[in-house]
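This report describes backbone features, pockets and overall make-up of one protein chain. The sequence and model are shown first.

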Amino acid sequence: MTLSTERPTPRADCTAGPDGGIVFDLDPGRRAEGKAPELLLRLRGSKGDDGTLRLPLSPLGDGRLRAELPSTAEPAEGRWDVYVREPGAVDDGEVAVEPGIRDLRLLMDRAPRTGRVAVRIPYPTVDGRLALHCWIRSPHAEAGPVTFDRDGMTVEGTLYGTGLGDGAHVEARPPGTGERVCRVPVTGKGDTFSFTLPLDRLATGPVTGKQLWTLWLVPGTSGGGPADGVRISRLLDDVWDRENIFVYPGHDVGEGARATPCYSAENDLCVRIEPGPTPEARSLSCTGP
């Protein structure tokens with residue numbers, strides 16, 4: 001069978017379910033008859049089939065095809081690129097899929113029924129391809145409102161899959177293997193938690209470059225969670241990358257340092273410490289000419 005070399009790019013509409021399942025409705029473009037195409041999800045940076053999920057495509061009756069990623073699937077955390085493989089096509093290989101309509105309404109205001117939190121959000125990449133951002137957390141600490149006062153930043157949130165026990169606290173951990181961990185008490189009732197982190201405690205010495213401190217909730221001796229802590233993140237909505245969307249004000253701390261709460265590209269709550277204006281520079285900028 002001969003196919004035109006001008007093959008339309010496949011495009012997929014996605015419907016995301018609240019428990020992590022996704023339905024892909026694919027317009028595959030030109031196909032080779034008699035061949036069964038499949039949808040491939042490939043973990044970015046992986047090699048071979050270890051980071052590949054294969055989903056069968058079945059006809060919908062209008063020339064389109066459907067594949068389903070079940071909520072019970074266990075894709076590793078990370079970003080998965082979406083391809084369609086059409087045996088017998090001109091390139092007889094994998095073709096990147098473009099994003100169509102993405103229905104993410106069921107991802108909003110979710111309350112997982114179990115302590116296992118599975119999140120898969122389809123999104124468009126910068127170069128116009130379809131990808132999934134995936135997380136699996138068990139247990140999980142979901143960050144909520146972040147507010148500020150003279151004492152620092154206060155975070156409220158919800159725990160899934162564990163509770164607060166004796167000695168429960170939050171740790172701000174510096175990058176690398178540094179031992180200078182900042183610990184603050186955490187309070188809560190039921191599945192909620194709250195803590196206040198004094199930002200000036202993260203910049204007690206000279207700051208010569210950017211540092212990204214990560215935030216962990218340690219449930220305590222009777223909390224039932226992991227002894228090394230639960231990463232504090234915000235995952236239960238339709239935002240696949242909060243890094244440049246949720247922007248908080250910076251605060252001058254220490255001598256020539258600035259602390260700015262932020263989210264990472266993986267939606268983990270952090271505090272960025274970096275060199276800031278010295279007191280003399282701030283004084284000059286306020287005085288003016």
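Asp109 is exposed, because its relative accessible area of 75% lies above the cut-off of 50%. In this predicted model, Asp109 also has a phi near 55°, a positive value in a residue other than glycine. Asp109 sits in the loop that runs between β9 (98-103) and β10 (117-124).

A second residue with positive phi is Asn267, at about 70°, although Asn267 is not a glycine. Is Asn267 buried or exposed? Asn267 counts as buried because its relative accessibility is 0%, and the cut-off for burial is under 20%. The loop that holds Asn267 connects β20 (257-263) with β21 (269-275).

A further backbone feature is the cis peptide bond between Ser138 and Pro139, with omega at about 0°. Pro139 belongs to the loop between β11 (130-137) and β12 (140-149).

The two pockets described next are set side by side in the table.

| Pocket | Volume | Lining by class |
|---|---|---|
| Largest pocket | about 230 Å³ | five nonpolar, three polar and four charged residues |
| Second largest pocket | about 180 Å³ | seven nonpolar, three polar and three charged residues |

Which residues line the largest pocket? Its lining consists of Pro18, Asp19, Ser71, Thr72, Arg110, Ala111, Pro112, Arg113, Thr114, Arg116, Val117 and Ala118. By class, the lining of the largest pocket includes four charged residues.

The second largest pocket encloses about 180 Å³ of space. Thirteen residues would be a long list to recite, but those closest to the centre of this pocket, out of the 13 in its lining, are Leu212, Glu243, Cys262, Tyr263 and Arg272. Strand β20 supplies the largest share of the lining of the second largest pocket, with four residues. Seven residues in the lining of the second largest pocket are nonpolar.

The chain as a whole can be summarised as follows. Its secondary structure amounts to one helix and 21 strands. How many of the residues count as buried? Of the 289 residues in the chain, 45% are buried. For contacts between residues at least 6 apart in sequence, 62% link residues at least 24 apart. The accessible surface of the chain is about 14600 Å², and carbon and sulfur atoms account for 50% of that area.

Conventions
Residues are numbered from 1 along each chain as its sequence is written. This is a predicted model: local features need pLDDT of at least 70, side-chain atom pairs count only at pLDDT 80 or more; totals for chains, interfaces and linings use all residues. Side-chain values use heavy atoms; hydrogens and water are left out. Helices (H or I, at least four residues) and strands (E, at least two) are DSSP runs, numbered from the N terminus. Buried means under 20% relative accessible area, exposed over 50%, partly exposed in between (1.4 Å probe, protein chains only). On a 1 Å grid over the protein atoms alone, a cavity is a set of points where a 1.4 Å probe fits but cannot get out, and a pocket is an open set with protein on both sides within 12 Å along at least five of seven lines; lining residues have an atom within 4 Å of a point. Grid points are joined across faces, edges and corners, and a volume is the space filled by probe spheres set on the points. Ala, Val, Leu, Ile, Met, Phe, Trp, Tyr, Cys and Pro count as nonpolar, Asp, Glu, Lys and Arg as charged, and the others, Gly among them, as polar. Contact means heavy atoms within 4.5 Å. Accessible areas come from the Shrake-Rupley method with a 1.4 Å probe; for residues, only the protein chains shown count as cover.
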